[in-house]
Amino acid sequence: MLKSLLLGLALLPAFACAQEGSDWIAYRDAYRHMLWFEKYAKPKQYLQNHLRLLPRDAGVSTDGLRLSLHGKGTQLALPLDAVGRAVFPFSKAAYDDNAELTLNRKPGQITSSAWVSIVTRPDGVYAAADLRAACGQLLAYLRYTGGANGKRCAGVQFAYPRTAAAQVRYLGGDGAAFPLAAQEGPAFPGDAVSGFRVFAYRFDAHPDAGQVLTSGTPLAIAALLE
């Protein structure tokens with residue numbers, strides 16, 4: 001079996017940041033990369049795009065990690081979610097001002113990238129056919145940006161905090177429910193930091209006519225590509 005790849009999207013080149021010996025990100029560079037998704041014209045209603053910060057190794061803590069936008073006329077804190085994603089502020093004023101995105105970390109500890117993942121639902125109910133479509137949209141976007149050649153959609157992964165008492169079930173059209181097994185792992189494989197409670201839903205294991213039910217809103221949903 002081919003090695004599974006669970007991807008949000010780390011395909012685009014990382015922005016100029018700590019990996020080059022500084023603790024700042026050029027806003028203009030980030031802006032141009034994030035704009036790729038905004039201009040993408042194919043279906044993407046199941047996808048979302050973020051600026052994401054990632055520790056370079058497992059020994060780097062993200063506790064208290066903060067991202068801020070600084071410019072002559074701009075001072076803005078950008079909150080990070082539990083997997084390091086921030087809503088990117090598209091600002092012409094910040095672009096014209098050549099503003100900087102700054103981190104409160106030592107140089108070399110954090111990397112950053114555009115990051116596309118699957119949208120979560122607050123009601124916790126996902127039509128199996130919609131999850132397949134979402135994976136297909138993410139795969140199409142990966143191919144648009146030049147990656148994922150030869151890959152196919154095999155499923156999706158739901159990630160929760162390690163201590164969460166979350167449950168994920170597949171509910172068939174006949175009303176029969178099948179719990180998905182929980183494992184410990186990274187929210188997006190390839191991440192240096194692990195320790196999340198994850199559930200993999202594979203398309204070939206259940207018919208598309210059913211639903212996937214979650215007991216709470218996951219932190220992230222990644223596409224499982226093989």
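These notes go through the strand pairing and one helix packing in a predicted model.

1. Strand S7, residues 100-103, has two unlike faces: Leu101 and Leu103 make up the covered one, while Glu100 and Thr102 make up the uncovered one. In a regular strand, side chains alternate between the two faces of the sheet.

2. S7 pairs with strand S2, residues 24-26, through 3 bridges in the antiparallel sense. Within this pairing, Ile25 has Leu101 of S7 as its bridge partner. Leu101 also belongs to the covered face of S7.

3. S7 is also joined to strand S4, residues 67-70, by 4 bridges, and these two strands run antiparallel. Here Leu67 stands opposite Leu103, another residue of the covered face of S7.

4. Elsewhere, 4 strands form an open sheet with antiparallel pairing, in the order S9-S15-S11-S12. The edges are strand S9 (125-127) and strand S12 (177-179); each has a single partner strand, so one side of each lacks a neighbour in the sheet. From one strand to the next, the twist averages 25°.

5. Within that order, S15 and S11 are adjacent. Strand S11 covers residues 168-171 and strand S15 residues 211-214, and 4 bridges pair them in the antiparallel sense. One of the bridge pairs puts Val168 with Thr214 of S15.

6. Which strands does helix H3 lie across? Helix H3, residues 128-144, lies across S9, S11 and S15, and runs at about 75° to S9. Of these strands, S9 stands at an edge of the sheet.

Technical notes. Residues numbered from 1 in each chain as written. Predicted model: local features only at pLDDT ≥ 70, side-chain atom pairs only at ≥ 80, totals over all residues. Heavy atoms only, no water. Buried < 20%, exposed > 50% of the residue type's maximum accessible area, 1.4 Å probe, protein only. Pairing = 2+ DSSP bridges. Axes fitted to C-alpha atoms, helices over the stretch in contact; angles between N-to-C directions. Contact = heavy atoms within 4.5 Å.
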